[in-house]
Amino acid sequence: MSVRAAVVRRMDGIDSVRVGQFLVPVGVLVVWQALVGVTSGVAFAGPAATFSALVGGIEAGWLATGLRRTMTELVVAYVLAVVAGLWIGVALGSSDFWSDVFEPILIGTYSIPKVTLFPMFLFVFQLGMDSKIAFGWFHGVFPVAILTMSAMTTVSDEHLKVARSLRLSRWQTFREVIVPSILPGLVIGLRLGFNLTFLGIVLGEMFAAREGLGYTLVEFIAGGQIDRIMAIIVVLVAVAAVVNVGFFALESRLGARERTADIRM
Amino acid sequence: MSEGTLDGATAGLSRTTKVRAVQAAVLVSLVVSVEVGPRTGVVGRTTLIPLSVMVEELLGLLGSGQLTPHIVQTFAAVFGAFALAVVTGVPAGIVLWRVDTLKQVLDPYLLIYYAVPFFAFYPLLISILGLGIAPILAISWGFSVVIVVTNTASGLAQIPEAYTAAGRDMNLSRWQMLRYVYLPASVPYVFTGLKLGFVYALIGTIASEFILAESGLGWLISYNYNNFDVPGMYAAMLLVISLALAVNTVLARVESRLYQRAVA
Amino acid sequence: MLELRNLSKTYGLGDDRTSTIVALDGIDLTVEEGEFVSIIGPTGCGKSTLFEVIGGLTDATEGRVDIDGDRVDGPDERIGMVFQDHSTFPWLSVIENVAFGLRMNGVSKAERRERAHEMIDLVGLSGFEDASPTELSGGMNQRVAIARTLVMDPDIILMDEPFGALDEQTRLIIGNELLRIWRETGATILFVTHNINEAVQLSDRIAVMSARPGRFKTIVDNDIPRPRDDDTMSTEAFNDLVQRLWTELKSESRKGMEQQEGRTVTAGSEADS
Ligand SMILES: Nc1ncnc2c1ncn2[C@@H]1O[C@H](COP(=O)(O)OP(=O)(O)O)[C@@H](O)[C@H]1O
Ligand SMILES: [Mg+2]
């Protein structure tokens, strides 16, 4: 086969992938619409109904109010999870011994259904925003800590020796040598941490809150307002998608690769 | 020489032993603080109850049979969702591994899948399927199936070239290749997917029950919370967490055994 | 003047630190200003340990290091270190790598630029300022590492097998350039290599280390006149010196290899041997 033919085929391949990737959301819309027919619309809202509920929600303000509340909790919880996770990961990852000790403990805790512990957060932080923030933090801190810890093994001893021989302070060594070294693994941790914090916040709101999109979601079940439920889901999915696409762009620029499936979520 | 080798071996062992010892110390101090904290009043009794009280309560509830229907309900949902995830996820993973274009098309969507706060769909499913086991099965299946799909596909893709070359040398048919080469060689990787699939099904079930259900262990925790039955709540919590940790430990053991065999 | 007095270093091994390994045992050496001294010795004899002690990266168990009568205690600005391989920062460009130490020590941007450019010129990397180390060959990376050390203007430079990962031709060329840089900067250089030819090509004196525990078995003056060019390497004097060093080194290398093979093994009984 000539090089030219190979190139042409390759371009074909890329194009069909692109087209396919574009068709996935279209397919989702089609299936969604078809489901409306199947369920005969009683318990279900199609794309059009959802869209008008979305617009209605924006106009009435309940969507923006809920979103603002949820996002505030999310941002605070996430920032705290990143700071704590990074700190824990770097502290434990700096020592082989302590990473060996804590890795299975962290991974074990990470894999229990954390939602069962939510009542404890309610006991400690009451029903307000704090309990949601703490619960979101609790979800997000593990992936950040675990991935930071495992990324710490990629910090080169030579680089640390260079840092010491150039008399860098601890903070300079952290900022200028350790952070750039662990960045590829770290961004994956930051993305997974975001996703889990988000999940924790929404779960917390669904279970016990008086505000926020998760709370509104459960409220609308009682009222059977399925189009509004769908509108909220669309907003949540959109937030997750936008943030993750941003992270993916960052990851591919840094050449980050997910190392084990274990850490996927 | 031989004496020295022994030396090296015990030196290595003593490090592992030390790691184990410190891990045990961490866990014991956790257990002790859950016991002593509420007893000494460092933590309020309305926040946390001593571990021994939890255990006592749990044994009482188990003995009286009050927990049995909830355990049955939760297990039915977990195993049902997991079985569905395996039956649908493994074949889908094989297809994805064979059809590269499809994999390329779906890759970004599969990666983003778990970014969606999944339980938001639960109210929707309830309004479609009603409050019973069906929406729980649906959400746990959805939560678990994609990790099975992606791990099956990536597991099959990780099979060393040497195995497939050997298979081709023996003129195996496509089916024989799949049956005798690909599947056995990918067992460890696929198992990782199944392990995670099971853990996800468990998380999915408990979380759905917790938010809104009429029975099940997850529901019991939230029911007891809402009815101020703190000992009952902690007993159910203890049961769920112990189950999750036990399942995880067993599956992780099997997994590491499988990987060891794959390497050897 | 750099003085090493009775330097010894014992590493504790294992969790309990009861078993030990004596890496250095009574090292004495005086290096005059502007001198080029090479150190050769079998793998594992303690060469890197010696440099880490001199560079203040690790404490000596016994003995002391002085520069002009002033004790060295921790990383010192009068000492610069160049490490074997992969020590450049891949996330920084060449010029950012070279200017790194200056930036960390609060030197102004304008001055950083000027001094970094000067050093990049000196090591022959002009035109590659904005390249990434990942795009450069191993030899070019070592030039970056050398420039990064030189830019701090150290009096003494410790180089631990800096060309160990380079192929023979590159090593010869960069060795000649190192001599030029040494002349131009007037720095004192201590240089570890496992390549005897390289040691003879570069140094004023060559110290041969014994297998562990590391001591100086002998220190040989190298009177071969400078400048030494490629022809020098085929002279009789050159080959005689290489032979002589090889004879000194051979028995130690064999001992060293035996130690390496029994490495996992001997951990326990080292201290009293
Ligand atoms: N941090 C350390 N802890 C314990 N032993 C070490 C450490 N660093 C080096 N050693 C041991 O000290 C001896 C000398 O090592 P090194 O100085 O690296 O030798 P060389 O550079 O000559 O090859 C070796 O046996 C090595 O295993
Ligand atoms: Mg060395």
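## Fold of chain A

Read along the sequence, chain A runs α-α-α-α-α-α-α-α-α-α. That makes ten helices and zero strands in this predicted model. Of its 265 residues, 51% count as buried. Among contacts in chain A with a separation of 6 or more, 75% join residues 24 or more positions apart.

## How far to trust chain A

The average pLDDT of chain A is 85, and 89% of the residues score at least 70. Two stretches call for some care. Over residues 1-8 of chain A the pLDDT stays under 50, and the model gives this stretch two contacts beyond four places in sequence. Residues 259-265 of chain A also have a pLDDT below 50, yet this stretch has 27 contacts in the model beyond near neighbours in sequence. Where pLDDT is low, the predicted coordinates should not be read in detail. For your own reading of the picture, that caution applies to the contacts of residues 259-265 of chain A, where the pLDDT is below 50.

## Where chain A meets chain B

Let us turn to the first interface. Here 56 residues from chain A meet 58 residues from chain B. Together the two chains bury about 4900 Å², and carbon and sulfur atoms give 80% of that area. On the chain A side, the residues that lose the most area to chain B are A:Thr116, A:Phe123 and A:Phe207, which together make up 13% of what that side buries.

What kinds of residue does chain A bring to chain B? The side of chain A that touches chain B divides into 42 nonpolar, eight polar and six charged residues. Between chain A and chain B the count of salt bridges is zero, while five residue pairs are in polar contact, with both partners at pLDDT 80 or more. Several helices of chain A give two or more residues to this side: H1 (3-38), H4 (96-110), H5 (118-125), H8 (170-207), H9 (213-223) and H10 (226-254). Of these, H10(A) gives the most, with eleven residues.

## Where chain A meets chain C

Next comes chain C. In this interface, 15 residues of chain A are in contact with 23 residues of chain C. The area buried between chain A and chain C is about 1700 Å², with 61% of it on carbon and sulfur atoms. A:His159, A:Leu166 and A:Arg167 lose the most area to chain C on the chain A side, together 33% of what that side buries.

How many salt bridges cross between chain A and chain C? The rule finds two across this interface. One salt bridge pairs C:Glu52 with A:Lys161, whose closest N and O atoms are 2.9 Å apart. Seven residue pairs are in polar contact between chain A and chain C, both partners being at pLDDT 80 or more. Two helices of chain A, H7 (157-165) and H8, give two or more residues to the side that touches chain C. H7(A) provides the largest share, six residues. The residues on this side of chain A divide into five nonpolar, five polar and five charged.

## Backbone features in chains B and C

Finally, here are some backbone details to look for in the structure. Most residues other than glycine have a negative phi, and most peptide bonds are trans. Two cis peptide bonds can be found in chain C: one runs from C:Arg212 to C:Pro213, with omega near -5°, and another joins C:Arg226 and C:Pro227, with omega about -10°. C:Pro213 sits in the loop between strand S9 (205-209) and strand S10 (216-221) of chain C. C:Pro227 is placed in the loop between S10 and helix H7 (236-261) of chain C.

Where in chain B does B:Phe228 lie? B:Phe228 is in the loop between helix H9 (217-226) and helix H10 (230-263) of chain B. Although B:Phe228 is not a glycine, its phi is positive, about 55°. The residue B:Phe228 is exposed, with a relative accessible area of 74%. C:Asp153, which is not a glycine either, also has a positive phi of about 55°. C:Asp153 lies in the loop between helix H4 (138-150) and strand S7 (156-160) of chain C, and C:Asp153 is exposed, with a relative accessible area of 58%.

Terms used. Residues are numbered from 1 along each chain as its sequence is written. Chains are lettered from A and ligands numbered from 1 in the order in which they are written. This is a predicted model: local features need pLDDT of at least 70, side-chain atom pairs count only at pLDDT 80 or more; totals for chains, interfaces and linings use all residues. Side-chain values use heavy atoms; hydrogens and water are left out. pLDDT is the predictor's confidence in each residue, from 0 to 100. Contact means heavy atoms within 4.5 Å. Buried area is the accessible area (1.4 Å probe) that two parts lose on being put together, summed over both. A salt bridge is a side-chain nitrogen of Lys or Arg within 4 Å of a carboxyl oxygen of Asp or Glu. A polar contact is a pair of N or O atoms within 3.5 Å; within protein, one must be able to donate a hydrogen and the other to accept it, and residues adjacent in sequence count only if both atoms are side-chain atoms. Helices (H or I, at least four residues) and strands (E, at least two) are DSSP runs, numbered from the N terminus. Ala, Val, Leu, Ile, Met, Phe, Trp, Tyr, Cys and Pro count as nonpolar, Asp, Glu, Lys and Arg as charged, and the others, Gly among them, as polar. Buried means under 20% relative accessible area, exposed over 50%, partly exposed in between (1.4 Å probe, protein chains only).
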